[in-house]
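Reader: Got a minute to go through this one with me? Please put the sequence and structure up and we can start.

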Amino acid sequence: MDDEDFNMSMRKFLKKVGITSQAAIEEAVRAAEGGGKTYNVRAVITIEELGMTHEVTGTINGRD
């Protein structure tokens, strides 16, 4: 696989992660009781074949 194919496949995957994660988070926040809370978030990406795990943490402000 050349660099262009590699980069394109990675971008497609990350776009899918971003879009599906945003939709899932929005749905969960809407379903939660109360508003205006701050939620701690942790996202983990794992490539088992490479023994790689990458974790990103942060906060999301809920809806009022």
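**Helix, salt bridges, pockets**

Author: Let's begin with Gly-18, which sits in helix α1. Keep in mind that this is a predicted model.

Reader: OK. Is Gly-18 buried, partly exposed or exposed?

Author: Gly-18 counts as partly exposed, because its relative accessibility is 37% and the partly exposed class runs between the 20% and 50% limits.

Reader: How far apart in space are Gly-18 and Ala-31?

Author: They are 20 Å apart, C-alpha to C-alpha. In sequence the two are 13 residues apart.

Reader: And Asn-7 to Gly-18? What separates their C-alpha atoms?

Author: 16 Å, with the two positions eleven residues apart along the chain count. Asn-7 is also in helix α1. Asn-7 is partly exposed, at 35% relative accessible area.

Reader: What about Phe-6 and Glu-26, how many Å between the C-alpha atoms?

Author: 30 Å, for a pair 20 residues apart along the chain. Phe-6 belongs to helix α1 as well.

Reader: Switching to salt bridges. How many are there?

Author: The count is two. One joins Arg-30 to Glu-26, and the closest N and O atoms are 3.8 Å apart.

Reader: Why does that pair count?

Author: Because the N to O distance of 3.8 Å falls within the 4 Å limit for a salt bridge. In general, side chains of opposite charge can pair when their charged atoms come close.

Reader: Where do Arg-30 and Glu-26 lie?

Author: Both lie in helix α1. They are four residues apart, about one turn of the helix.

Reader: Which exposure class does each fall in?

Author: Arg-30 is exposed, at 51% relative accessible area. Glu-26 is partly exposed, at 34%.

Reader: And the other bridge, which side chains meet there?

Author: Those of Glu-55 and Arg-42, at 3.9 Å from N to O. This pair links distant parts of the chain. Glu-55 is in strand β2, residues 52–61, and Arg-42 is in strand β1, residues 38–47. The two are 13 residues apart.

Reader: Exposed or partly exposed, for Glu-55 and Arg-42?

Author: Glu-55 is partly exposed at 44% relative accessibility. Arg-42 is exposed, with a relative accessible area of 58%.

Reader: Pockets next. How much space lies in the largest pocket?

Author: About 370 Å³. It is lined by 18 residues, and the closest to its centre are Val-17, Ser-21, Ile-25, Val-41 and Ala-43.

Reader: What is the lining like by class?

Author: The largest pocket has twelve nonpolar, five polar and one charged residues in its lining. α1, β1 and β2 each supply at least two residues of that lining.

Reader: What volume does the second largest pocket have?

Author: About 210 Å³. Its lining includes Phe-6, Phe-13, Ile-45, Met-52 and His-54.

Reader: Which element gives the largest share of that lining?

Author: α1 does, with five residues. For the second largest pocket too, α1, β1 and β2 each give at least two lining residues.

Reader: And how many nonpolar, polar and charged residues line the second largest pocket?

Author: Seven nonpolar, three polar and no charged residues.

Reader: Last topic, the surface. Which residues form the nonpolar patch?

Author: Met-1, Phe-6, Met-10, Phe-13 and Leu-14. Together they have about 540 Å² of accessible area. Phe-6, Met-10, Phe-13 and Leu-14 also appear in the lining of the second largest pocket.

Reader: Where does Met-1 lie?

Author: In the segment before α1, and that helix spans 3–31.

Reader: Why does Met-1 count as exposed, and Phe-6 as partly exposed?

Author: Met-1 has a relative accessible area of 77%, and exposed means over 50%. Phe-6 is at 42%, so Phe-6 counts as partly exposed. Both residues are over the 30% relative accessible area that a patch needs.

Notes:
Residues numbered from 1 in each chain as written. Predicted model: local features only at pLDDT ≥ 70, side-chain atom pairs only at ≥ 80, totals over all residues. Heavy atoms only, no water. Patch = residues over 30% accessible without salt bridge, like charges linked within 9 Å, V, L, I, M, F, W, Y side chains within 5 Å. Areas by Shrake-Rupley, 256 points an atom, 1.4 Å probe, with all protein chains shown as cover. Buried < 20%, exposed > 50% of the residue type's maximum accessible area, 1.4 Å probe, protein only. 1 Å grid on protein atoms, 1.4 Å probe; cavity = no way out; pocket = protein on both sides within 12 Å on 5 of 7 lines; lining within 4 Å. Points joined across faces, edges and corners; volume = space filled by probe spheres on them. Nonpolar A, V, L, I, M, F, W, Y, C, P; charged D, E, K, R; others polar.
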